[in-house]
Amino acid sequence: MGIITVSRELAALGDETAHETAKLLGYRFVEKQALDDRIKTYGVDEQRFKKYDERKPSFLASLSRDKANYLHYLKTALFSEAEQGNCVFIGRGAGAVFKDMPGLVRIFLAAPTEIRIERVKSYFHCDERRARQIIESSDQDRIGFHRYFFDSKWKEPGNYHVVLNTGVFHPATCANIVKQIKEQVITPETEAKNTTRLKELILEQNIKHHIMHEKKIPIHFIETTVTGATITLYGVANSQSYVDAALEAAHIISGSAGTFEVHSEIQIVREYSVIP
């Protein structure tokens, strides 16, 4: 199972390049609609999360419990799609979510501002002033989205295997470049490691989902890590009883996946609460 993620500036031909890459490699192209449809299957109204989708959340949105739920369901959808086999993801922070996968190629697509302006003018039927506003707003949203949700610098070249200029290269040419990189990075060995790591990530999400949404145990900022045979829970709780309940829930969910040691790094803070 190989993974390719495409991050892109607005009007840098992201969809076109991702589609060409998927077609050339025989990978599945996972776009926004596929992730939205996947999230719907969890019984979630995706409209509730539009304020976070590749956007920097407002001050109040950043304090809302919806923020953690958005990231939880986004990761769950990404992992479920990856579980289906070789795929190309576009946007949605996929490069940051999968950054530790061994068999991963991360691509960033950019283009000169003047070319982006002309493409935006053509697409939105607007003048140059409005096109600049659209581009600047999109860039700021994507910078804020990656910083806020993943503590990642969206435009940092070091976060990617290659940065491609679609003002120079056609999407088909970009796809061929990605293919060459993929052949070096995604090997049978790294694909096997991907499968193992993805199982760990899915177990992390399943444990979090059981604690947060099925048992509704009030562990704030809950995070779960699965490394080998060790599961560790992080977060903030109001009492030891909630910590014990979370540990029991983790034991129950992990029991069907193997034998694990479950540890708690959950901090107990009395009278702690967050904005609903």
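Which residues in helix 2 meet which residues in helix 4? In this predicted model, the helix 2 side of the contact is formed by A34, L35, R38 and I39, and these meet Y73, L74, A77, L78, S80 and E81 in helix 4. The two helices pack with their axes 9 Å apart and at an angle of about 110°. Because angles of 65 to 115 degrees count as roughly perpendicular, helix 2 is described as roughly perpendicular to helix 4. By character, the residues of this contact divide into seven that are nonpolar, one that is polar and two that are charged.

Helix 4 also takes part in the largest nonpolar core, which holds 30 residues and in which I3, L78, F89, F98, M101 and L198 touch the most other members. At least two residues of this core are supplied by each of helix 2 (32-40), helix 4 (66-83), strand 3 (87-90), helix 5 (94-97), helix 7 (128-150) and helix 9 (188-214), and the largest share, eight residues, comes from helix 4. The surroundings of one core member, F98, illustrate how distant parts of the sequence are brought into contact: when its neighbours within four places in sequence are left aside, F98 is in contact with I3, T5, L78, F79, A82, F89, L104 and L198. A second core, separate from this one, has 19 residues, among them L247, A249, F260 and I266. As a general background to such cores, nonpolar side chains in soluble globular proteins tend to be buried together.

The strands were examined next. Five strands make up an open sheet with parallel pairing, and their order is 2-3-1-4-5. Strand 2 (28-30) and strand 5 (162-165) are the edge strands, each of which pairs on one side only, while the twist from one strand to the next averages 25°. Between strand 2 and strand 3, the parallel pairing extends over three bridges, and V30 has F89 in strand 3 as its bridge partner. F89 therefore links two parts of this description, since this residue is both the bridge partner of V30 and one of the residues that touch the most other members of the largest nonpolar core.

Finally, a lysine in helix 9 was considered, namely K208. Because its relative accessibility is 7%, K208 counts as buried, the limit for this class being under 20%. Apart from its neighbours within four places in sequence, K208 is in contact with H72, H213, I222, E223 and T224.

How values were computed:
Residues numbered from 1 in each chain as written. Predicted model: local features only at pLDDT ≥ 70, side-chain atom pairs only at ≥ 80, totals over all residues. Heavy atoms only, no water. Core = buried A, V, L, I, M, F, W, Y, C linked by side-chain atoms within 4.5 Å. Buried < 20%, exposed > 50% of the residue type's maximum accessible area, 1.4 Å probe, protein only. Helix = DSSP H or I, 4+ residues; strand = E, 2+ residues; numbered from the N terminus. Contact = heavy atoms within 4.5 Å. Axes fitted to C-alpha atoms, helices over the stretch in contact; angles between N-to-C directions. Parallel < 35°, antiparallel > 145°, perpendicular 65-115°, else oblique. Nonpolar A, V, L, I, M, F, W, Y, C, P; charged D, E, K, R; others polar. Pairing = 2+ DSSP bridges.
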